[in-house]
Amino acid sequence: MKKKLTSIFLSAVLISQVSVAPQISAERINNFSENIAKSEKANSKIVYALKRVGVTASLFAGLFLLHNHFGQSEDVPAASSVKPPVQIDDISLTNNTVHVVPLDQRISEFEKILDKYLNNSYSIQLDEIYRICNKAIPVLERESSLLRIEGPTIVVGDIHSNIGSLEFSVRKFLREVKYGKSILFLGDYVDRGSLAPGGPNGSKNVALLLQLKTMFPDKVFLLRGNHEDGFVNAQYGFVKECRKIYGKKVGVNVYETFNDVFNYLSLAAVVNNSTFCVHGGISPELDFLYKIENINKPLDYNQLSVEDFMGNAKIPDEYNTLAIDLLWSDPMSGIYGFKKSIRGAGWKYGHDVVNKFLEGNNLRRIVRAHEQVDGHNDVFGDGSVITIFSAPDYSSKGSNKGEIMDINGDDIRYEQIRY
């Protein structure tokens, strides 16, 4: 009876705190409550009350804990000044004190990680890989298959295991994020890369990108490419790279761990309500954007891989053909509608269906990757489809520039990758 009265009393007190509490998600509050309970026995009654009074009281209790237990310290601003809400990844808990990690500190910390990874003699430890992947999955999982990004944005095309391309793009982002800049990667982070500085570095690329995402969750966005698929990257170098670094058995486990994370990557993004960004392109199934939003994650091997039907006319029913088309399709001049792709998956799509898609969704352009071009290519000459490629000197067929795109309002500029 005493415990029940304690729960009821606590609920009443907590409700009175709502008007002054900062705007913090219930998920983050529960995490803080768990951490506090582990480190301080004095909070055991509060945690018991959280469990007794349910989710709503848990929300209020978490707010009370944060407001009263931590007080109005320098680490947490007064509730009235919390605009917008602090992101979960900007917060750490040490010695029972909540710290909002300053942007400059996160930039400095990531620069140190980047410098460490750029050392050719450095190999990522196994426990570090598992920690990085386990931390990234819930961050990626809560994002829609269709991202919405506002404000100035850097767009990066295929980098294909080229850590030099990644370094160039990320350092630009770290210089400009303090001015509100975001960065969007269009996929194909692994495979190939034999001509890149230091050779293939797909595992380092992915580990860096996942850490960048968890440290800057509201400014860094990762799309899935057709090479973020276990069947494809088993053929084009990623599994071979992992086995070379970690040994045959452990290397396969590392390769599978990274591919598990790929299942949670988003499939497309809309930047500033005007630019549709995707790895490959559009689909006969895609008339309106909500169909992408309706694709649930994770998208695993049994829904996405092209192993069983590449080159065949019949596609198994369980496969998500819209998702496959988004990753594999290419624009093509001189055709109308959609034509079968020689890739064996996806489509070739013409100018007419591009215009129909853009008009139907009130968009101005498509920005995509997926094809080797000399920096960038305005496919139809009118700005409706732009291909961006960010891996310089990609193949032995000849040298090519790598570029990144910078979207700032209606202004689009390109910057050549140099290292």
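**Around helix α9, the cores and Ser390**

Right after helix α9 comes Gly247, with a positive phi near 95 degrees. Keep in mind that this is a predicted model, where local features need pLDDT of at least 70, side-chain atom pairs count only at pLDDT 80 or more, and totals for chains, interfaces and linings use all residues. Residues are numbered from 1 along each chain as its sequence is written, and side-chain values use heavy atoms, leaving out hydrogens and water.

Now look back along α9 itself, residues 238-246 (helices are DSSP runs of H or I, at least four residues; strands are runs of E, at least two; both are numbered from the N terminus). Its buried residues are Phe238, Val239, Glu241, Cys242 and Tyr246 (buried is under 20% relative accessible area, exposed over 50%, partly exposed in between, with a 1.4 Å probe and protein chains only). They sit on the same side of α9 because they cover an arc of only 160 degrees around the axis, taken from the directions from the helix axis to the C-beta atoms. Lys240 and Lys244 are exposed on the face turned away from that side. Among the elements covering the buried residues are α7 (202-215) and α10 (248-262), with contact meaning heavy atoms within 4.5 Å.

Helix α7 turns up again in the largest nonpolar core, giving its largest share, 7 residues. That core has 50 residues (buried Ala, Val, Leu, Ile, Met, Phe, Trp, Tyr and Cys joined through side-chain atoms within 4.5 Å). Another core, of 31 residues, lies apart from it and includes Ile295 and Leu358.

Finally, find Ser390 in the loop between β14 (385-388) and β15 (403-408). Ser390 is buried, at 0% relative accessible area, and its contacts include Val156, Gly157 and Ile417.

Conventions:
Lists of a residue's contacts leave out its neighbours within four places in sequence.
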